[in-house]
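This briefing covers how two protein chains are arranged, how one helix is packed, and what surrounds a DNA strand. The sequence and structure come first.

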Number of protein chains: 2
Amino acid sequence: MQPSQLSETWLNTLQNQGYRLTAPLKAIVEILAGSTRALSPVDLYDLGRKSTPGMGLVTVYRALEKLEESGLIQRVHQSEGCHMFIRSANGHEHLLLCQSCGKTVFFEGDDLGDLFKRVSEKYEFNIQEHWLQLYGLCAECYLNKDGQKKNI
Amino acid sequence: MQPSQLSETWLNTLQNQGYRLTAPLKAIVEILAGSTRALSPVDLYDLGRKSTPGMGLVTVYRALEKLEESGLIQRVHQSEGCHMFIRSANGHEHLLLCQSCGKTVFFEGDDLGDLFKRVSEKYEFNIQEHWLQLYGLCAECYLNKDGQKKNI
DNA sequence: GTAACTGCAAACGCTTTGCACCAAG
DNA sequence: CTTGGTGCAAAGCGTTTGCAGTTAC
């Protein structure tokens, strides 16, 4: 799906949930639906103010709440903190993150069923959720390894 | 390894790193090395003050910093927040958490190599770290499913 | 028209820092 | 004796809340 299509879909979803489509919300949806990197509230505030200058940081937090509650975005957990957001995984997708430039890719991790079965039997747990993330360096950052982080 | 043995090992490690073995640090090590549940700084403060009454919350934070830096404990990430700590995984262990009572178990998840290989080739990423957690209900909580959470 | 949303300012809670005193080595 | 650790109080920072005005529907 193209980013613009995706943001249309998100806006429809939000509207169907009873939320009003305001300028700040549209700006934030546009950014998040089109981003291949996880973004923090302040990132969204800075980017959002380019198209919607008066927007406040509080509005970003409130939009993130709606988007997360509607299942459209998810929090990204990293060792340095858990303050970043990206579109939600579909189905059995999992996140792969570049530790240098922040690029993210979703991959299919479909073959964990056996592991779950073994673990749930061995430890007598009813497994309800799982969570897999991979961290590494993307091709570009691996080749240009120079110790300095790139900007978004 | 028995909990008391484990805390001896941790204290040796910490001493070898140049840290001094003080009463509050010993108390915190004892608690964390013996716990099968993830604990928050305030949990540690409350538990620690039973054996070391004057201990301050700041000291807990400073001890956690040392323990995390030494690789003895790790942060536990959950949807509600990432403020809990537990002993570090050894080798290829991963965490399995009960969403009701908070009990945690480490399991071996050794067969992810193939997945990493496929993903790293397909997306041209050099994978350096991975992270897998399972969430569910332990046998006891699953049987007593009554909607209410139990205390530690 | 009315309820949800907005931006601002203030409050909040968790975590870190500055400091004078204390104790491990 | 030295220097890292301690508890306290205050500061810091990301996030949430209260509120009066605004806007989507």
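Chains A and B meet through the same surface, because 100% of the interface residues of chain A are also interface residues in chain B. The model is predicted. The points below take up the symmetry of the two copies, then helix H5 of chain A, then DNA strand D.

**Symmetry of the two chains**

- Chain A is superposed on chain B by a rotation of 180° with 0.0 Å of shift along the axis, and the RMSD is 0.0 Å.
- The two copies are therefore related as by a two-fold rotation axis.
- The C-alpha of chain A nearest this axis belongs to A:Leu132 and lies 2.2 Å from the axis.

**Helix H5 of chain A**

- Helix H5 of chain A spans residues 113–123, and its residues A:Leu115, A:Phe116 and A:Val119 are buried.
- These three residues lie on the same side of H5(A), because they cover an arc of only 95° around the helix axis.
- An α-helix has 3.6 residues a turn, so residues three or four places apart point the same way.
- On the face turned away from the buried side, H5(A) carries the exposed residues A:Asp114, A:Lys117 and A:Glu121.
- The cover over the buried residues of H5(A) includes elements of both chains: strand S5 (125–138) of chain A, and strands S3 (93–98), S4 (104–108) and S5 (125–138) of chain B.
- After H5(A) comes A:Glu124, which has a positive phi, near 55°.

**Surface near DNA strand D**

- DNA strand D is surrounded by 19 residues, and the closest are A:Tyr61, B:Arg20, B:Thr22, B:Met55 and B:Thr59.
- By type, the residues of this surface are eight nonpolar, six polar and five charged.
- Of the atoms of DNA strand D within 4 Å of the protein, 60% belong to sugar or phosphate, and the rest belong to bases.

**Polar contacts with DNA strand D**

- The side chain of A:Gln15 has an N or O atom 3.1 Å from a phosphate oxygen of DNA strand D.
- A phosphate oxygen of the strand also lies 3.4 Å from a polar side-chain atom of B:Lys66.
- For A:Arg20 the partner is a base nitrogen of DNA strand D, 3.0 Å from an N or O atom in the side chain.
- Helix H4 (57–69) of chain A and helix H4 (57–69) of chain B are the elements that give two or more residues to the surface near the strand.
- H4(B) gives the most to this surface, with four residues.

Methods: Residues numbered from 1 in each chain as written. Chains lettered and ligands numbered in written order. Predicted model: local features only at pLDDT ≥ 70, side-chain atom pairs only at ≥ 80, totals over all residues. Heavy atoms only, no water. Near = heavy atom within 4 Å. Polar contact = N/O pair within 3.5 Å; in protein donor to acceptor, adjacent residues only side chain to side chain. Nonpolar A, V, L, I, M, F, W, Y, C, P; charged D, E, K, R; others polar. Least-squares fit on C-alpha atoms with pLDDT ≥ 70 in both. Contact = heavy atoms within 4.5 Å. Buried < 20%, exposed > 50% of the residue type's maximum accessible area, 1.4 Å probe, protein only. Arc of directions from axis to C-beta.
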